[in-house]
Amino acid sequence: VNLGAGAWYVRDWKVLEYQGQWYRFARLFVDFEHDMTSNRPFPFANGSVHLFYSEHVFEHMKDEWCEHIFREANRCLETGGGFRIVVPDSDLIYDHLVKQNEPFFRSWMDRDNASLAESFRTLVGHARSPLDEADFARKLSTLSKEEFLDWCKEGLEYDWKRTGEHINWFNFEKLASMLEEAGFGNVSRSEAQQSQFPEARGPGFDTRPLYSLHVECVKQ
């Protein structure tokens with residue numbers, strides 16, 4: 001089951017998605033309509049799912065919702081079943097910010113006519129008001145990486161009218177901790193198109209390797 005896939009089709013896969021005010025798809029793409037911000041149980045019986053996959057979804061969601069989703073995924077998976085998660089890699093993106101690596105951010109800078117700092121915020125925690133570049137630079141130089149990333153998402157609430165924006169950040173340590181807390185074991189870093197589950201390989205998966213973190217875990 002692909003969580004939050006949108007208009008996506010891969011043979012033998014199902015899609016769990018919610019058609020709200022922002023995202024609307026032809027009904028044929030959505031097999032299970034479910035709002036992942038609702039904290040309601042997934043529409044699956046205990047131990048009834050072999051594999052979950054989600055690509056670039058959880059950076060749009062608050063920690064409390066992600067924690068609920070991870071617990072539900074663990075409940076629904078069969079023993080030995082897996083969960084592959086792909087999100088923007090905040091460690092990687094932060095390192096490119098510190099190095100002021102314009103080529104890395106160039107596509108977002110050109111697309112949005114944005115500065116490097118504004119493009120960083122697009123990927124990590126989308127600023128809802130004009131960015132104070134001097135304050136941004138001051139925070140970058142005085143806060144730890146985790147403190148800085150938390151500052152970037154400070155006060156960012158989920159908004160249906162802006163649901164395409166990122167309001168959360170993940171690195172391997174944060175994501176692994178949340179998955180282990182949800183009951184998963186064997187949490188490991190992966191590479192694009194290198195899933196331990198053959199069903200999660202191919203052109204429909206891991207489509208943004210340039211700036212993504214790929215993580216897999218197993219139901220114990």
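Visitor: Which residue follows helix 7, and is its phi positive or negative?
Guide: Gly 183 comes after helix 7, and its phi is positive, near 110°. A helix here is a DSSP run of H or I with at least four residues, a strand is a run of E with at least two, and both are numbered from the N terminus. Please keep in mind that this is a predicted model, where local features need pLDDT of at least 70, side-chain atom pairs count only at pLDDT 80 or more, and totals for chains, interfaces and linings use all residues. Residues are numbered from 1 along each chain as its sequence is written, and side-chain values use heavy atoms, with hydrogens and water left out.

Visitor: How many helices and strands are there in the chain?
Guide: There are seven of each kind, helices and strands. Along the sequence they follow the pattern β-β-β-β-α-β-α-α-α-α-α-α-β-β.

Visitor: What makes the chain as compact as a globular protein of that length?
Guide: Its radius of gyration, taken over C-alpha atoms, is 18 Å, and the globule rule gives 17 Å for 220 residues. That rule is 2.2 Å times the number of residues to the power 0.38. The two values are close, so the chain is as compact as a globular protein of that length. Along the principal axes, its C-alpha atoms fill a box of roughly 50 × 35 × 30 Å.

Visitor: How do you know that Glu 17 counts as buried?
Guide: Buried means under 20% relative accessible area, exposed means over 50%, and partly exposed is in between (1.4 Å probe, protein chains only). Glu 17 has 9% relative accessibility, so this residue counts as buried. Glu 17 sits in strand 2 (residues 15-17).

Visitor: And why is His 96 called buried?
Guide: The relative accessible area of His 96 is 16%, so His 96 is buried. This residue of helix 2 touches Asn 101, Phe 104 and Phe 105, leaving aside residues up to four places away in sequence. Contact means heavy atoms within 4.5 Å. Across the chain, 53% of the 220 residues count as buried.

Visitor: What makes helix 4 largely enclosed by the rest of the structure?
Guide: Eight of the nine residues of helix 4 (residues 116-124) are buried, so helix 4 is largely enclosed. Among them are Leu 116, Phe 120, Arg 121 and Val 124. Their cover includes strand 5, helix 2 (90-98), helix 3 (102-112), helix 5 (133-142) and helix 6 (145-153).

Visitor: Which residues touch the most other members of the largest nonpolar core?
Guide: They are Phe 52, Phe 58, Phe 70, Phe 83 and Leu 179, out of 33 residues in this core. Helix 1 (63-76) and helix 7 (172-181) are among the elements that each supply at least two residues, and helix 1 gives the most, with six. A nonpolar core is a set of buried Ala, Val, Leu, Ile, Met, Phe, Trp, Tyr and Cys residues joined through side-chain atoms within 4.5 Å. In soluble globular proteins, nonpolar side chains tend to be buried together.

Visitor: What does Leu 179 touch?
Guide: Leaving aside residues up to four places away in sequence, Leu 179 touches Phe 70, Phe 83, Ile 85, Phe 184, Val 187, Val 215 and Cys 217. Leu 179 is one of the buried residues of helix 7, and what covers those residues includes helix 1, strand 5, helix 6, strand 6 and strand 7.
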